[in-house]
Structures are given as C-alpha cells and as structure tokens.
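Visitor: Could you take me through a close look at a single part of this protein, and then follow the connections outward from there? I would like a careful account that I can check against the coordinates as I read.

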Amino acid sequence: MTKNAYIHIPFCKSKCGYCSFVSYPQEDKVPKYLECLKREIKYFYKGEPLSTLYFGGGTPSLLSVEQIKSVVKHFELEQGAEITIELNPETLTQAYFEGLKEAGINRISMGCQTFNDKILRLIGRRHNSYQVKNAVRLAKDVGFDNISLDFIYGLPTQTLEDFMSDLNHAVELGVEHISLYGLKIEEGSRFFKNRPENLPDEDLQADMYLAAIECLKSCGFEHYEISNFSKSGYNSRHNLNYWNNNSYYGFGIAAHGYVDGIRYSNYRDFENYFKNSTEHAISHKLTEQEVLEEEIFLGFRRMDGVDFSIINKKFEIDFEKKYSEILKKYYDYGMLEKTDAGCKLTDSGILVSNVILAEFLQ
C-alpha cells in the first residue's frame, strides 16, 4: 500500500543561477495545470490514507490557499499526517500562513540558501535575509511548530565564516529542521553556461560540511541523513520514506514515483503533460538486483546506515559475505564503521560517498 505522495508545482517567478529543476515562469498556465494535476490524481491514486503529502517545486507558494486546498481535498489523510509545503520567503504574509494552516499544512520548508544578501543577489534569489527571518516569525506566530530551512554551501564568494554565520542565524530563529546542500553546477542551470567566479574549492566545501555537522550537533540537532539535521522528533517523515526505499506517488510535471515495484516519471513539459496527464513518460519495473542496490544506496544516506539483517532477510543474501572486500577496504580507510545492526558512513566517508557507493553497484 502506497501511503506517501509528492506533488510538483512547476512555477517560479524566475530561475536561480544554480537551478536545474523543472520549473517555468508561466503562471498563466496554473489553472490548466491544476486541472490536469487533479485528473492525474483521480486516475492513479487508489484512495488509501496517506501518511505524508509533500508540495515541492518550483514555488508552491505561488498558488493561492484556495488552489492548495483544492488539491489537498483529493486525498484521504491519516490522523496526524505530515503535510509539507515548500515556500519562497519573499511573498509570505500572516494571512497566507493562516490559510495554509486552515488547509491542513503542518510542516513548512523554506528555501533560504544563505542569509548573506550580497550572495543572494549573486545567485539570483528574489528574497533577502530579512524576509526569511520575518517569514519564520510569522509562521511561528500563526502556530507552525515544524519549520525547515534549506541552505547551500560552496556559493560564489562564500567563506567558511559566512556559512557558519548562516547556521548560527538559523539556530537563533529556533527552526526545527535544517537541510544543507553543497553547490553543484548541473547542466540546465544558468551557472552551467556562465560559471561564476570565486567559487569555494572542494576542500573548502568539505570544511564547510564538516564544520556544519559539529556546529549543529552541538546545538541539539540530530544528523539523521547526509544532508539533513533535525531537533528530536522533527525528522522529515516524507523524505525518510524515500530513504527507506518505500513506495510513493509522484504527481505533476516531471514528478517521479515508485509504486508496486515500478519507478516512473512524468512528462517534463506542459504540452505533453496537458495531453497525457494520465500516462507516465517513463516506467521501469525494477529487477531484484536493482532493488537491492537502491536499498544499499539509500540506506547509506541515513546516518544509522544499513541494517544487515533486514537486507539479508529481504533479499536472501549474506551482506557481509557478498560485499566483504568492499566493507574491509572502507573499514580500513575509516570511511565505514560498524553499528549494532550493520554499518554506516563516517563523516570522512560521507565526503566521498559517491565513490564508495559506486562499488556496491554492479
């Protein structure tokens, strides 16, 4: 039974320099898009009560409260379901937060990226640091008690001191969750064509990440996934569902889903999505080997690591025997360490996790 759903809202006022996500500055298409989105939900959703519902983007906060409500009402929800919406800080008001609360939203995820206004301008963000701080205060005043801020490290001209200042500001605001992402310049982004100057090198990015782990742990945050930190009880339940390799619906342009052992993705453009909202662009039934590899890959993203007994039972293998050479190699390097249930990446292992994980893939 699939108990989690992601909804992609592909609208943005403008594109940030680093962004390669599927989003478009075409708000005139919102009504038609929502019509097709609801058609897709009605067609694929089987009616089971959801444990989590997540509005991502793009900029979901470009939708009105009534538009958000009109989507939420298509789902059955468990008592206490986690309902998250991603927000950009520049347009948020107390009335909007009150409307979100009324719509059933109970978790806010805000794209801050940095509190340095100069760097915000360099990367093309539309907000400033004051607007982030004000939005967090408004959300708290309205009664939201599960607020997450996203940050990027390795931004143009950013120093280690700049980044630590960002984290200290976030802690002072009293948010419950913080996500940290190293800047990656990917094809499809503006920075890919016009690479900015004064980018921190890989060593400085690594120093930023390791310093963040130490800082946030000392401030009472649990490091529960490679990029994610939370106060006790505030892990992202929706994202943990991904990392536990469980099923989920994906609705909307470019959304990905995983249902009944099939991974699928939707069309990435309005024309095809509007014509084919009840079809997936790509569907692939995973082989048992692919499922095993995903279990390993996603398991190592969690800071509690992989559980040998669970994998052994699920796939009828002896994990330690099958991967003995890889395990010994990275135990010896100090990049993997044993846990009571299995093993996990160390902090130094996280820095080269892609290299390590590639060795588990056949």
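Guide: Let us begin at Thr-157, a residue of the loop that runs between strand 5 and helix 6 (160-173), bearing in mind throughout that the model is a predicted one. Thr-157 is not a glycine, and yet its phi is positive, at about 70 degrees. Most residues other than glycine have a negative phi, and most peptide bonds are trans. With a relative accessible area of 29%, Thr-157 counts as partly exposed, because that class covers the range between under 20% and over 50%.

From this loop one can step back into strand 5 itself, which spans residues 147-153 and is joined to strand 4 by 5 bridges, the two strands running parallel. Within that pairing, Ser-148 of strand 5 stands opposite Ser-109. On the other pairing of strand 4, Ser-109 is the bridge partner of Glu-86, and here 4 bridges join strand 3 (residues 77-87) to strand 4, again in a parallel arrangement. Ser-109 thus has a partner in strand 5, namely Ser-148, as well as the partner Glu-86.

How much of strand 4 is buried? Of the 7 residues in strand 4 (residues 107-113), 7 are buried, and the cover extends to both faces, with Arg-107, Ser-109, Gly-111 and Gln-113 on one side and Ile-108, Met-110 and Cys-112 on the other. Gln-113, which belongs to strand 4, deserves a second look, since this residue has a positive phi of about 75 degrees although it is not a glycine. Its relative accessibility of 8% falls under the 20% cut-off, and Gln-113 therefore counts as buried, whereas Thr-157, at 29%, is partly exposed.

The neighbourhood of strand 3 offers a further buried position. Asn-88 lies in the loop between strand 3 and helix 3 (94-103), and a relative accessible area of 16% places Asn-88 among the buried residues. The C-alpha atom of Asn-88 is separated by 8.6 Å from that of Arg-126, although the two positions lie 38 residues apart along the chain when counted from one to the other.

Another backbone feature is found in the loop between strand 2 and helix 2 (65-72), where Gly-58 is located: the peptide bond from Gly-57 to Gly-58 is cis, with omega near 20 degrees.

A different strand pairing is seen in strand 10 (residues 256-259) and strand 11 (residues 262-265), which run antiparallel and are joined by 4 bridges, with Gly-257 opposite Tyr-264 of strand 11. These two strands form a hairpin with 2 residues between them, and Asp-260, in the turn, has a positive phi of about 55 degrees. The side chain of Asp-260 also meets that of Lys-46 in a salt bridge, at 3.9 Å from N to O. Because Asp-260 lies in the loop between strand 10 and strand 11, and Lys-46 in the loop between helix 1 (30-44) and strand 2 (50-57), the pair ties together parts that are 214 residues apart in sequence. Both Asp-260 and Lys-46 are exposed.

Other charged pairs can be set beside this one, the count of salt bridges in the model coming to 14. Glu-271 forms a salt bridge with Lys-275, with the closest N and O atoms 3.5 Å apart; both residues lie in helix 10 (residues 270-275), 4 residues apart, which is about one turn of the helix. Lys-329 and Glu-359 meet through their side chains in a salt bridge at 2.8 Å, N to O. Since Lys-329 lies in helix 14 (residues 324-333) and Glu-359 in the segment after helix 16 (353-358), this pair ties together parts that are 30 residues apart in sequence. Lys-329, at 32% relative accessible area, is partly exposed, and Glu-359, at 31%, is partly exposed as well.

Two surface patches complete the tour. Leu-210, Leu-351, Val-352 and Val-355 make a nonpolar patch of about 290 Å², and in this group Val-355, a residue of helix 16, is exposed at 51% relative accessible area. A negative patch is formed by Asp-201, Glu-202, Asp-203 and Asp-207; Glu-202 is found in helix 8 (residues 202-218) and, at 72% relative accessibility, counts as exposed.

How values were computed:
Residues numbered from 1 in each chain as written. Predicted model: local features only at pLDDT ≥ 70, side-chain atom pairs only at ≥ 80, totals over all residues. Heavy atoms only, no water. Pairing = 2+ DSSP bridges. Patch = residues over 30% accessible without salt bridge, like charges linked within 9 Å, V, L, I, M, F, W, Y side chains within 5 Å. Areas by Shrake-Rupley, 256 points an atom, 1.4 Å probe, with all protein chains shown as cover. Salt bridge = Lys/Arg side-chain N within 4 Å of Asp/Glu carboxyl O. Lys, Arg positive; Asp, Glu negative; His and termini not counted. Charge placed at Lys NZ, Arg CZ, Asp CG, Glu CD. Buried < 20%, exposed > 50% of the residue type's maximum accessible area, 1.4 Å probe, protein only.
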